[in-house]
Amino acid sequence: MSTGPSAREPSSDQGANGDPAGYARLRELLVGPEQARLEELQRRLDDRQLRTEDLSQVIAEAIALRLRRDHALQLALNPLVEDAVRISVARDPSILANTLFPIIGAAVRKSVAHALRGLVESINQTLERSFSLESLKWRIEALRTGKSFGAIVLTHSLRYRVEQVFLIHRETGLLLQHAARADQIVQDSDLVSGMLTAIQDFVRDSFTGAGGQEVETIELGEFNLWVQHGPAATLAAVVSGTPPPELRTLLERTLEQIHSDFAMALSTFKGDTAPFAEAQPLLQGCLLGRGAQTAKRKSRGFFIVAAVVVIALIAAGLFLVVRHQSRWDKLLLRLRSEPGIVLTSAEESWGSYRLTGLRDPLSADPEALIRASGVNPARVTAHWEPYVSLHAKFRAERQFRSEKDALEQQVLRFPLNSAQLGGEQLIRLDDVEAHLVNLQEHAASTGQKFLLEVRGHTDPSGNEDKNASLSEARADAVVKALIDRGISREMLRIVAMGSREPVRRNAAAYLTDLNRRVSFRVVVEAEGAR
Amino acid sequence: MINKKICMVGAFGVGKTSLVARYVRSIFSDKYQTTVGVKIDKKVVQSCGAEVTLVLWDLAGEDALTTVKPAQLKGASGYILVVDGLRRQTLEVAIDLQRRVTEAVGKVPFVCVLNKTDVRETWEVKPADLEPLAAQRWALIETSAKTGAGVGELFQTLTDAMMQEHNATDSTTGAVAG
């Protein structure tokens with residue numbers, strides 16, 4: 001009996017170890033259903049058809065669930081959608097065109113209206129500003145600083161001030177960020193922001209129906225509320241005074257900047273405004289303009305200074321012009337009164353002058369007269385036709401000169417080695433005397449004083465010392481003869497030339513006779529002094 | 001800082017405005033509600049360790065002439081349905097409103113307020129009317145504009161629910177981003 005169990009045990013052991021069929025049955029008994037399920041699962045996983053069917057049952061819910069969680073799906077699908085649209089247009093443009101047809105008109109109208117309004121505003125402003133002193137000042141500043149004219153207008157427009165700027169989340173009306181001037185009494189900006197959105201809705205619902213139009217301006221007395229709408233956020237500016245249209249452009253740009261800088265924060269906004277603190281500098285940049293009061297005072301001060309400067313400049317200019325004109329007039333008067341000068345025309349154009357006329361060569365030098373008058377000689381071109389004036393002064397002068405010339409032509413000749421005047425020479429001395437007397441008369445009438453140099457000459461032959469004393473003796477003889485005839489000794493001067501000034505050098509022997517002579521030179525004192 | 005837009009809706013004359021009047025900061029007069037159709041108030045509530053600013057859009061009551069505009073509901077993170085216990089009809093309006101608000105803003109947290117609990121004995125609304133709503137897991141709070149009972153609880157309950165939602169979406173977003 002005792003072997004029974006022991007005998008059965010090995011047999012059962014043997015059955016467990018050695019009977020494969022038994023094992024398989026055991027396994028089937030233990031994990032059979034799971035095995036079948038695993039195989040079924042495997043089949044389903046391998047079968048594309050079945051998998052597709054499975055996925056189709058849950059895909060809509062899965063997408064909806066994921067959309068609620070985050071924006072990853074939108075990002076992932078974005079290229080797909082773009083590509084799909086592109087393919088659709090390439091295949092048959094009419095489908096998309098027909099789909100867009102009901103809305104495209106409104107969109108184009110809105111866009112065109114917006115552009116036209118901007119254009120009209122800018123034309124109005126341009127006309128208003130084109131010719132004002134203010135705009136000139138601004139243009140100069142724009143040139144000087146290299147900024148655009150629009151930016152200068154914004155900084156300097158005198159009649160407006162941006163008091164507050166609200167950045168509002170479009171969908172919820174919640175305030176994202178707010179900037180205000182230090183001196184502003186700020187009502188609860190969260191509430192203002194919400195109410196502003198509510199009023200927008202109210203106006204839109206009440207007056208414009210379902211169209212996508214927006215309130216962009218609200219005017220209340222001297223305050224303007226300018227609202228700029230973006231897809232995800234709204235920018236509202238409270239402005240006192242009359243804002244320039246450039247402010248609208250600034251608001252547009254700021255809002256675009258915010259949309260691009262905070263795209264993610266805006267699309268996932270759940271109420272946390274912390275990320276938008278970084279938009280504060282952008283909003284501060286919109287707080288432009290100055291108070292009308294201070295601006296007016298400043299501008300008055302500026303205009304007083306400007307007026308004084310302009311008046312001073314005009315006065316200085318006038319003074320210069322008048323002084324110039326008076327100098328010119330005086331010069332013309334002087335030229336007209338000057339004997340020997342006949343002014344026939346005097347033209348003035350663009351600061352240069354043209355003189356034409358007649359001039360006696362004996363008259364005063366017109367160039368010197370111009371210099372003396374203070375008129376710039378470089379600006380004056382003069383053309384003087386020479387003529388002979390019959391003025392008494394010039395007639396006497398001319399006679400004096402002709403007598404002088406005649407006198408200086410006179411020569412008294414001497415024999416070799418002699419200082420004796422021969423008979424023929426004495427007759428010539430009469431001529432000399434006559435010319436001299438005439439010259440004295442003319443000199444008296446023109447007020448001139450003169451000396452007569454009596455110059456003794458010898459021929460080159462012989463000793464130079466001897467020649468010098470001989471020439472002196474010859475001149476002395478002539479002077480004595482003239483004194484004998486009643487000529488004053490004071491006006492005669494003896495000059496011994498020796499043989500230094502021959503009539504003709506190295507001439508033939510017979511010509512050397514001509515060198516033995518006395519000649520005359522009239523020295524006018526005024527000329528000598530000059 | 002966290003800001004949340006919430007709306008308060010209900011039939012005409014259920015006492016919405018007076019219910020919250022003493023508990024919120026307001027700078028606008030009640031005239032706004034009749035002219036613009038909405039009045040905006042503010043309430044700061046502590047929840048989940050954060051300070052939450054509730055911007056409360058107090059919408060004009062529903063009647064034959066006035067209906068709640070979807071534009072005003074847009075972007076709300078939560079809402080308050082106000083029912084006047086004295087008028088059963090206002091409960092029906094609230095049930096209808098709940099459906100329409102859900103259509104407009106999706107499933108967001110809300111609290112249904114049964115007002116005028118100070119005169120509970122004369123209520124037209126019976127517990128039996130509320131049972132189906134409780135079964136749908138509506139948050140029901142009894143309040144009194146007169147005594148102020150339940151108003152604090154109302155804001156706290158709604159804010160907590162909204163913040164739970166807020167943090168849930170935040171954490172999932174974080175997980176995806178990580």
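Among the elements of chain A, strand β2 (residues 175–180) comes out with the highest mean pLDDT, 90, and helix α1 (residues 3–18) with the lowest, 47. The model is a predicted one, and chain A as a whole averages a pLDDT of 81, with 88% of the residues scoring at least 70. The N-terminal end is a weak spot on this scale: pLDDT stays under 50 over residues 1–16 of chain A, and the model gives that stretch 5 contacts beyond four places in sequence. Residues 292–297 of chain A also fall below 50, and here the model has 2 contacts beyond near neighbours in sequence.

Turning to the interior, the largest nonpolar core holds 82 residues, and A:V162, A:L167, B:I80 and B:F155 are the ones that touch the most other members. Strand β3 (residues 50–59) of chain B supplies the largest share of this core, 7 residues. Setting aside residues up to four places away in sequence, A:V162 touches A:R181, A:A237, A:V238, A:V239, A:L247, A:C286, A:L287 and A:L288. Another core lies apart from this one; it has 25 residues, including A:L429, A:A475, A:V479 and A:M491. As a general matter, nonpolar side chains in soluble globular proteins tend to be buried together.

Further along chain A, 4 strands make up an open sheet with mixed pairing, in the order β9-β12-β10-β11. Strands β9 (411–413) and β11 (492–496) of chain A sit at the edges, each pairing on one side only. From one strand to the next, the twist averages 25 degrees. Within the sheet, β10(A) and β11(A) run in the parallel sense and are joined over 5 bridges; A:G456, for instance, has A:A496 in β11(A) as its bridge partner.

Two helices pack on this sheet. One is α14(A), which touches β9, β10 and β12 of chain A and has a direction at about 155 degrees to that of β12(A). The other, α15(A), touches β9, β10, β11 and β12 of chain A, and its direction makes about 155 degrees with that of β9(A).

Helix α14 (residues 392–409) of chain A also holds up to a simple length check: at 1.5 Å a residue its 18 residues should span 26 Å, and the end C-alpha atoms are 26 Å apart, so the two agree. Its buried residues are A:F394, A:A396, A:E397, A:F400, A:E403, A:K404 and A:L407. These buried residues of α14(A) pack against α15 (423–446), β10 (450–456) and β12 (517–524) of chain A.

Notes: Residues are numbered from 1 along each chain as its sequence is written. Chains are lettered from A and ligands numbered from 1 in the order in which they are written. This is a predicted model: local features need pLDDT of at least 70, side-chain atom pairs count only at pLDDT 80 or more; totals for chains, interfaces and linings use all residues. Side-chain values use heavy atoms; hydrogens and water are left out. A nonpolar core is a set of buried Ala, Val, Leu, Ile, Met, Phe, Trp, Tyr and Cys residues joined through side-chain atoms within 4.5 Å. Buried means under 20% relative accessible area, exposed over 50%, partly exposed in between (1.4 Å probe, protein chains only). Contact means heavy atoms within 4.5 Å. pLDDT is the predictor's confidence in each residue, from 0 to 100. The expected span of a helix is 1.5 Å times one less than its number of residues. Two strands pair if DSSP finds at least two bridges between them. Axes are lines fitted to C-alpha atoms, for helices over the stretch in contact, and angles run from 0 to 180 degrees between N-to-C directions.
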